[in-house]
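Grab a pencil and work through these short exercises with the structure open beside you. Try each task before you read its solution.

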Amino acid sequence: MLTDSQRPQPLEQRPARSELWFHIVLVLGVSLGSSAVYAVLNLAETLSRGPLSDAQATLNQVLSPVPAIDLLRQLASIGFALVPVALALYLMAGSLPRIKGVLRRIGMDGRRPVRDALWGLGLFLVMGLGTLGLYQAGRELGLTAAINTSALDEHWWTVPVLILSALRHSLVEEIIVVAFLCDRLRRIGWSWVTIAVLTSVFRASYHLYQGFGPALGNLVMGLVFVWVYRRYGRLAPLLIAHALLDITGFLLPQLLAG
């Protein structure tokens, strides 16, 4: 009698195109897709009130006047935002035990920490300088709102929460926009050039509430990030670069303001 391990195993069936599209709609619908819709609506509302140069976009807002409740709500918001990330990884894996293999396949396995860190640092420096330049140009041209990166009150937990928020943004955007969308769209049959353009436009769309300057900066960032991911097959450098960009953006204005 054959044991379970000796029995012929059924061939793994690849998801149909309709199922792959459903995966995309499902993940984006509970994460960055809704953010893109609200960003466009916020931009339209801002333009209806006056020029973008007079508008202000505030990140990391206070969620409660009670400090303890504010902390709990901040942590809850960060935690719930990571659920779509887990969903994306699960859909890519097909089953829970295979998630480890997916992390290895997309370059989140820690096999090359030094190389990943150096690439991440290089991308951070290049993208950071470009982002600052586009922001200043957008402000002078009246195409970008004034961005306040944090409205949180000063508490012992403010800096850790801002760092966690930066890590959250890095994980959500790079895993969903780069790893997940590239995986699903490649399986559907799209070319890498089309995928790079589409995902970069999508990345820009959910930053439109900040104005056209940041949206353009994120468009360029998306093209560069997809090229790096396609070339080296490692998501870790993108996660590191994005986290450093947001940590610097969230904390530097607070430090300069004393």
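**Exercise 1: two helices that cross**

The crossing of α7 and α9 is right-handed, meaning that the near helix is turned clockwise from the far one by less than a right angle. Before you start: this is a predicted model, where local features need pLDDT of at least 70, side-chain atom pairs count only at pLDDT 80 or more, and totals for chains, interfaces and linings use all residues. Residues are numbered from 1 along each chain as its sequence is written, and side-chain values use heavy atoms, leaving out hydrogens and water.

Task: work out how α7 and α9 are oriented, and which residues meet.

Step 1. Find α7 at residues 158-188 and α9 at residues 212-232; helices here are DSSP runs (H or I, at least four residues), numbered from the N terminus.

Step 2. Their axes (lines fitted to C-alpha atoms over the stretch in contact, with angles from 0 to 180 degrees between N-to-C directions) come within 11 Å and cross at roughly 50 degrees. That's why α7 counts as oblique to α9 (under 35 degrees is roughly parallel, over 145 roughly antiparallel, 65 to 115 roughly perpendicular, the rest oblique).

Step 3. Look for contacts (heavy atoms within 4.5 Å): Glu 174, Val 178, Ala 179 and Cys 182 in α7 meet Met 221, Phe 225, Val 226 and Tyr 229 in α9.

**Exercise 2: an unusual asparagine**

Task: is Asn 60 buried or exposed?

Step 1. Look in the loop between β1 (56-58) and α3 (67-81), where Asn 60 sits.

Step 2. Asn 60 has 14% relative accessibility, so it's buried (under 20% relative accessible area; exposed is over 50%, partly exposed in between, with a 1.4 Å probe and protein chains only).

Step 3. Check the backbone too: Asn 60 isn't a glycine, yet its phi is positive, about 50 degrees.

How values were computed
Helices (H or I, at least four residues) and strands (E, at least two) are DSSP runs, numbered from the N terminus.
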